[in-house]
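Good morning, and thank you for the time. I would like to take the group through one structure, with attention to its side-chain contacts and its backbone.

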Amino acid sequence: MTKPQREPISAAMTVVSPCTNVCRIDRRSGWCEGCRRTVDEITRWPRADDAERQAILDQLPTRVIRKRLGVSW
């Protein structure tokens, strides 16, 4: 029985990850609080080509995570 083959991760990619090492998913939006990508986008990133990566990056400026004021009474 042979092992399933994985797709190679290309080292020739030129679109750099927006990761900021602040890896927390906002419950309301579903976006990472650091880079504003979804879990699916983060997971796909290593295997995505430059066009897909750029498409993800192009969406990020429109994603604003709104914080509630943490007021306890």
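Let me begin with a question: is Arg36 buried, partly exposed or exposed? Please keep in mind that this is a predicted model. Arg36 has a relative accessible area of 28%, and because buried means under 20% and exposed means over 50%, Arg36 counts as partly exposed. Its place is in the segment before helix 1, and its phi is near 70 degrees, a positive value in a residue other than glycine.

A positive phi is also found at Asn21, where the angle is near 65 degrees. Asn21, too, belongs to the segment before helix 1. With a relative accessible area of 68%, Asn21 is exposed.

I turn now to the charged side chains. The count of salt bridges comes to four. One of them joins Arg63 and Glu41, with N to O at 2.8 Å. This pair links distant parts of the chain: Arg63 lies in the segment after helix 2, Glu41 lies in helix 1, and the two are 22 residues apart. How accessible are the two partners? Arg63 has a relative accessible area of 8% and is buried; Glu41, at 7%, is buried as well.

Another salt bridge is formed by Glu52 and Arg44, whose closest N and O atoms are 2.6 Å apart. Salt bridges with shared partners join Asp40, Arg44 and Glu52 into one network. Within it, Glu52 is partly exposed at 28% relative accessibility, and Arg44 is partly exposed at 32%.

Arg24 and Glu33 also meet in a salt bridge, at 3.2 Å from N to O. Arg24 is partly exposed, with 48% relative accessibility, and Glu33 is partly exposed, with 26%.

Next, the aromatic side chains. How many aromatic pairs does a search of the whole structure find? The result is zero. There is, however, a contact between a charge and a ring: the charged end of Arg37 sits over the ring of Trp45, at 5.0 Å from the ring centre.

Finally, the nonpolar surface. Ile25, Val39 and Ile42 make a nonpolar surface patch of about 230 Å². Of these residues, Val39 is found in helix 1, which covers residues 39-44. Val39 has 48% relative accessibility and therefore counts as partly exposed.

That concludes the presentation, and I would welcome discussion.

Technical notes:
Residues numbered from 1 in each chain as written. Predicted model: local features only at pLDDT ≥ 70, side-chain atom pairs only at ≥ 80, totals over all residues. Heavy atoms only, no water. Patch = residues over 30% accessible without salt bridge, like charges linked within 9 Å, V, L, I, M, F, W, Y side chains within 5 Å. Areas by Shrake-Rupley, 256 points an atom, 1.4 Å probe, with all protein chains shown as cover. Helix = DSSP H or I, 4+ residues; strand = E, 2+ residues; numbered from the N terminus. Buried < 20%, exposed > 50% of the residue type's maximum accessible area, 1.4 Å probe, protein only. Phe/Tyr/Trp six-rings, centres within 6.5 Å; stacked < 30°, edge-to-face > 60°. Lys NZ or Arg CZ within 6 Å of the ring centre and 35° of its normal.
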